[in-house]
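Hi everyone, thanks for coming. I'd like to walk you through a structure that may be new to you, going from the overall layout down to a few single residues.

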Amino acid sequence: MSPYSRISGRSLPAWLAPLIVGLLAATWLLVVEQTFIAGNGSSLPSGFRIHDMSANNSQQTVDIKDINVRGITFAWYTHVYPPLLDVIRYVLMLPEVRAGLEPSGEAVDMRLYYVFGIFYGVIASVIYLWVRDLTKSGWWALAASALWTVSPLSVTVMPLLDPTPLSLTLVVTMFYFLY
């Protein structure tokens, strides 16, 4: 495949369409989440959690206060699950820690929604690339990635504040690279 795509007689870089698809998918998920939170905030756990659990009390993560005590060395000494999600949570708690405040599980959870929105866009981009590679058609790739983007399953799974969105992103990307 050429490094350029032909659209209406003009050559565009081949990476541009997957990038746009990913950005639109990430934006879509964040708009859906924020709309749901705005409409149902009074009945949601902590006023914003879409599911009834925090990343802080998942069985597969380390408590945010324990992460704060050990710093980044927790990833070697105290991790429960492969520590990438907890490393992301560590980075997301740094604004409070650097300001001299106690780390907030709620603030980290809210920021995780944005990180998982990026993961959602990455998955949509990988689906686009994969289908485009298989069919040699950007239109089929767009249809497949749009189907993923609006699927109730994907919209329901990605706001989980546990390792599922991270694992799904890494598995989809691994399968694409193995292909």
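Before the layout, one term: helices and strands here are DSSP runs, at least four residues for a helix and at least two for a strand, numbered from the N terminus. With that in hand, reading from the N terminus, the elements go β-β-α-α-α-α-α-α-α-α. That is eight helices and two strands in the chain. Please keep in mind that this is a predicted model.

Now some overall figures. The C-alpha atoms fill a box of roughly 55 × 40 × 30 Å along the principal axes. The chain has 179 residues, and buried ones make up 42% of them. Its accessible surface is about 10100 Å², with 68% of that belonging to carbon and sulfur atoms. As for contacts with a separation of 6 or more, 62% are between residues 24 or more positions apart.

Let's go inside. In soluble globular proteins, nonpolar side chains tend to be buried together. Here, the largest nonpolar core has 38 residues, and L112, F116, F119 and Y120 have the most contacts inside it. Several helices give two or more residues to this core, namely α1, α2, α3, α4, α5, α6 and α8. Which of them gives the most? It is α5, with 13 residues.

So let's look at α5. This helix runs from 105 to 135. It has 31 residues and reaches 44 Å from its first C-alpha to its last, close to the 45 Å expected at 1.5 Å a residue. For a closer view of the core, take F116: leaving aside neighbours within four places in sequence, F116 is in contact with L29, L85, M158, L160, L161, D162 and P165.

What happens just after α5? There, K136 takes a positive phi of about 60°. Most residues other than glycine have a negative phi. K136 sits in the loop between α5 and α6, and this lysine is exposed, with a relative accessible area of 62%.

Past that loop comes α6, my favourite stop today. At its N-terminal end, S137 acts as a cap, with a side-chain oxygen 3.3 Å from the backbone nitrogen of W139. The helix has 13 residues and reaches 18 Å, close to the 18 Å expected at 1.5 Å a residue.

Which residues of α6 are buried? They are A141, S145, W148 and T149. Seen down the axis of α6, these buried residues fall within an arc of 100°, so they line one face of the helix. An α-helix has 3.6 residues a turn, so residues three or four places apart point the same way. On the other side of α6, W139, W140, L147 and V150 are exposed. The cover over the buried residues of α6 includes α1, α5, α7 and α8.

Let's finish on one of those residues, T149, which has its place in α6. Why does T149 count as buried? Its relative accessibility is 10%, and buried means under 20%. A polar atom of the T149 side chain lies 2.7 Å from the backbone oxygen of S145. Not counting residues up to four places away in sequence, T149 touches A25, W28, Y120, A124, S154 and V155. Among these, Y120 is also one of the residues with the most contacts inside the largest nonpolar core.

That's my tour. Thank you for listening!

Note on methods. Residues numbered from 1 in each chain as written. Predicted model: local features only at pLDDT ≥ 70, side-chain atom pairs only at ≥ 80, totals over all residues. Heavy atoms only, no water. Core = buried A, V, L, I, M, F, W, Y, C linked by side-chain atoms within 4.5 Å. Buried < 20%, exposed > 50% of the residue type's maximum accessible area, 1.4 Å probe, protein only. Contact = heavy atoms within 4.5 Å. Polar contact = N/O pair within 3.5 Å; in protein donor to acceptor, adjacent residues only side chain to side chain. Expected span 1.5 Å × (residues − 1). Arc of directions from axis to C-beta. Areas by Shrake-Rupley, 256 points an atom, 1.4 Å probe, with all protein chains shown as cover.
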